[in-house]
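The following exercises introduce a protein chain to a reader who has not met it before. Please keep the sequence and the model in view while working through each solution.

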Amino acid sequence: MNLRFIDLDVELEARLGKTVSEYFASEGETCFRAREAELALVLCREERVLIALGGGTALGSLCR
């Protein structure tokens with residue numbers, strides 16, 4: 001399929017400079033879900049990508 005694979009959690013950790021668990025603990029779920037949704041939307045605009053979403057992504061911020 002010639003797509004670039006992106007794991008949303010891995011990409012988010014790289015951009016935040018901390019693990020998902022660390023960010024969740026320091027900033028809370030609401031802030032985490034907002035950052036997650038923001039990044040998912042940015043990545044969706046890229047061409048030829050396959051994005052693996054975290055378990056809460058589809059049920060969280062993207063659907064609100």
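The exercises below go from the overall fold to helix contacts and then to charged side chains.

The model is predicted, with local features requiring pLDDT of at least 70 and side-chain atom pairs counted only at pLDDT 80 or more, while totals for chains, interfaces and linings use all residues. Residues are numbered from 1 along each chain as its sequence is written, and side-chain values use heavy atoms, with hydrogens and water left out.

**Exercise 1. Describe the secondary structure of the chain and the order of its elements.**

Step 1. Helices (H or I, at least four residues) and strands (E, at least two) are taken as DSSP runs and numbered from the N terminus. The chain has three helices and two strands.

Step 2. Along the sequence, these elements follow the pattern β-α-α-α-β.

**Exercise 2. State how much of the chain is buried, and characterise its surface and contacts.**

Step 1. A residue is buried under 20% relative accessible area, exposed over 50% and partly exposed in between (1.4 Å probe, protein chains only). Of the 64 residues in the chain, 28% are buried.

Step 2. Accessible areas come from the Shrake-Rupley method with a 1.4 Å probe, and for residues only the protein chains shown count as cover. The accessible surface of the chain is about 4400 Å², and carbon and sulfur atoms account for 53% of this surface.

Step 3. Contact means heavy atoms within 4.5 Å. Of the contacts between residues at least 6 apart in sequence, 62% join residues at least 24 apart.

Step 4. One pair distant in sequence is leucine 53 and aspartate 7, which are 46 residues apart along the chain but have C-alpha atoms separated by 6.6 Å. Leucine 53 belongs to the segment after β2 (49–52) and is partly exposed, with a relative accessible area of 44%.

**Exercise 3. Determine how α2 and α3 are oriented, and which residues join them.**

Step 1. Axes are lines fitted to C-alpha atoms, for helices over the stretch in contact, and angles run from 0 to 180 degrees between N-to-C directions. Helix α2 (residues 20–27) packs against helix α3 (residues 29–44) at an angle of about 130°, the axes being 7 Å apart.

Step 2. Angles under 35 degrees count as roughly parallel, over 145 as roughly antiparallel, 65 to 115 as roughly perpendicular and the rest as oblique. Helices α2 and α3 are therefore oblique to each other.

Step 3. On the α2 side, the contact is made by Val20, Tyr23, Phe24 and Glu27; on the α3 side, by Glu29, Cys31, Phe32, Arg33 and Arg35.

Step 4. Ala, Val, Leu, Ile, Met, Phe, Trp, Tyr, Cys and Pro count as nonpolar, Asp, Glu, Lys and Arg as charged, and the others, Gly among them, as polar. The contact of α2 with α3 thus has five nonpolar, no polar and four charged residues.

**Exercise 4. Carry out the analysis for α1 and α3.**

Step 1. The axes of α1 and α3 come within 10 Å and cross at roughly 110°. This angle makes α1 roughly perpendicular to α3.

Step 2. In α1, Leu8, Asp9, Glu11, Leu12, Arg15 and Leu16 meet Phe32, Arg35, Glu36, Leu39, Ala40 and Leu43 of α3. By class, these residues are seven nonpolar, no polar and five charged.

**Exercise 5. Which residues are linked in a network of salt bridges?**

Step 1. Side chains of opposite charge can pair when their charged atoms come close. A salt bridge is a side-chain nitrogen of Lys or Arg within 4 Å of a carboxyl oxygen of Asp or Glu, and the count comes to four.

Step 2. Arginine 33 forms a salt bridge with glutamate 29, with the closest N and O atoms 3.4 Å apart. Arginine 33 also meets glutamate 36 in a salt bridge (2.9 Å, N to O).

Step 3. Glu29, Arg33 and Glu36 are accordingly linked in a network.

Step 4. Within this network, arginine 33 is buried at 14% relative accessibility, and glutamate 36 is buried at 2%. Glutamate 29 is partly exposed at 45%.

Step 5. Leaving aside neighbours within four places in sequence, glutamate 36 is in contact with Leu8, Asp9, Leu12, Gly56 and Thr57.

**Exercise 6. Where do glutamate 11 and arginine 15 lie?**

Step 1. Both residues lie in helix α1 (residues 8–16), four residues apart, about one turn of the helix.

Step 2. Glutamate 11 and arginine 15 form a salt bridge, with their closest N and O atoms 2.8 Å apart. Glutamate 11 is partly exposed at 23% relative accessibility, and arginine 15 is partly exposed at 47%.
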